[in-house]
Amino acid sequence: MASEDEQRQESDHHDDATADMTPAQRKLFEIRMKINAGRKQTKSQVEEEHKRSLLPPAKAKKALAGDDAPKKRDPADKAKAYLNDTVVDAEGKSKKVQKKEKQKAAFGWDVFNQDSLYNAYKKRLATLPTSSAAKSTTESVASEVYDPLDYGTQDQVSAEGVDRMVAELEDRAVARQKFSRRRQHREGEDIDYINERNRVFNKKISRAFDKYTVEIKQNLERGTAI
């Protein structure tokens, strides 16, 4: 209420002061009033900025943002964001996740976990040749009610099935022989480094200066250097 009273008093004072003025004097008076209002506003902003400069950075940033700062998203809304996805978007995201999981390479001890072994098994099944007779037999067995006590009782295996299994095992053996992962160190190579970084540095130096220093190095190693 005090501010409204002050504004009312200033308005009345403005009307009284400009009552006997000419248009030019009234214009000049209004300009001076605007300058005074701007000076007061600038002074108040300088005082607020000085107060913020005395605060810690986090509190100063929060005070500067005030109510205009963007509100943080509610975790509950973020968790339910999938409700706004269309069927096409959901299928696209699902395919991306499946493709990423499929291309993910196993690392370290994860090579022998159950997921990696199962993926390798499916990969072998995809490359395993099958006959139409075996496929029809498998479908007929799958249509019957499965009894876990019957496991191992079907011991009749066709000669074609044995041949397919042998061919697949031979292909796996050939693939293992061709497989060769990159070796970090060569057997029989001289160890003249103390760590990996030093090994790379020595390799670069050797590539650039071995043609000049190889004889000196050999003489030093044999003890025949002059």
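Val157, Val162, Met165, Val166 and Leu169 form a nonpolar patch of about 420 Å² on the surface. The model behind this report is predicted. Val157 sits in a loop, the one that runs between helix H7 (132–143) and helix H8 (159–178). Its relative accessible area is 60%, so Val157 counts as exposed.

**Overall fold**

The protein chain holds nine helices and zero strands. Its pattern along the sequence is therefore plain to write, given that helices and strands are taken from DSSP runs: α-α-α-α-α-α-α-α-α. The chain has 226 residues, and 5% of them count as buried. About 22200 Å² of the protein chain is exposed. Carbon and sulfur atoms supply 55% of that area. What share of contacts between residues at least 6 apart in sequence joins residues at least 24 apart? The share is 33% in the protein chain.

**Positive patch**

Charge also gathers on the surface. Arg186, Lys203, Lys204 and Arg207 make up a patch of positive charge. One of these residues, Arg207, belongs to helix H9 (residues 196–222). Is Arg207 buried or exposed? Arg207 is exposed, because its relative accessibility is 60% and the cut-off for exposed is over 50%.

**Salt bridges**

The whole structure contains four salt bridges. Three of them are described here, among them the pair Asp85 and Lys93. The table gives the N to O distance for each pair.

| Pair | N to O distance |
|---|---|
| Asp85 – Lys93 | 2.9 Å |
| Glu168 – Arg124 | 2.9 Å |
| Asp192 – Lys217 | 4.0 Å |

Take Asp85 and Lys93 to begin with. Their side chains meet in a salt bridge at 2.9 Å, N to O. Asp85 has 28% relative accessibility, so Asp85 is partly exposed. Lys93 is partly exposed as well, at 46%.

Next comes the pair of Glu168 and Arg124. Their side chains also meet in a salt bridge, with 2.9 Å from N to O. Glu168 is in helix H8, while Arg124 is in helix H6 (residues 114–127), so this bridge ties together parts that lie 44 residues apart in sequence. Which of the three classes does Glu168 fall into? Glu168 counts as buried, because its relative accessibility is 10% and buried means under 20%. Its partner Arg124 is partly exposed, with a relative accessible area of 33%.

The pair of Asp192 and Lys217 follows. In this salt bridge the closest N and O atoms are 4.0 Å apart. Asp192 is in the loop between H8 and H9, and Lys217 is in helix H9, so the pair ties together parts that are 25 residues apart in sequence. Asp192 is partly exposed, at a relative accessible area of 42%. Lys217 is partly exposed too, with a value of 42%.

**Helices H8 and H9 in view**

Some of these features share an element. Helix H8 carries Glu168, which pairs with Arg124 of helix H6. The loop with Val157 lies between helix H7 and helix H8. Helix H9 holds Arg207 of the positive patch. Helix H9 also holds Lys217, the partner of Asp192.

Definitions and conventions. Residues are numbered from 1 along each chain as its sequence is written. This is a predicted model: local features need pLDDT of at least 70, side-chain atom pairs count only at pLDDT 80 or more; totals for chains, interfaces and linings use all residues. Side-chain values use heavy atoms; hydrogens and water are left out. Patches are made of residues with over 30% relative accessible area and no salt bridge: like charges are joined within 9 Å, nonpolar side chains (Val, Leu, Ile, Met, Phe, Trp, Tyr) within 5 Å. Accessible areas come from the Shrake-Rupley method with a 1.4 Å probe; for residues, only the protein chains shown count as cover. Helices (H or I, at least four residues) and strands (E, at least two) are DSSP runs, numbered from the N terminus. Buried means under 20% relative accessible area, exposed over 50%, partly exposed in between (1.4 Å probe, protein chains only). Contact means heavy atoms within 4.5 Å. Lys and Arg count as positive and Asp and Glu as negative; His and the chain ends are not counted. The place of a charge is taken as NZ of Lys, CZ of Arg, CG of Asp or CD of Glu.
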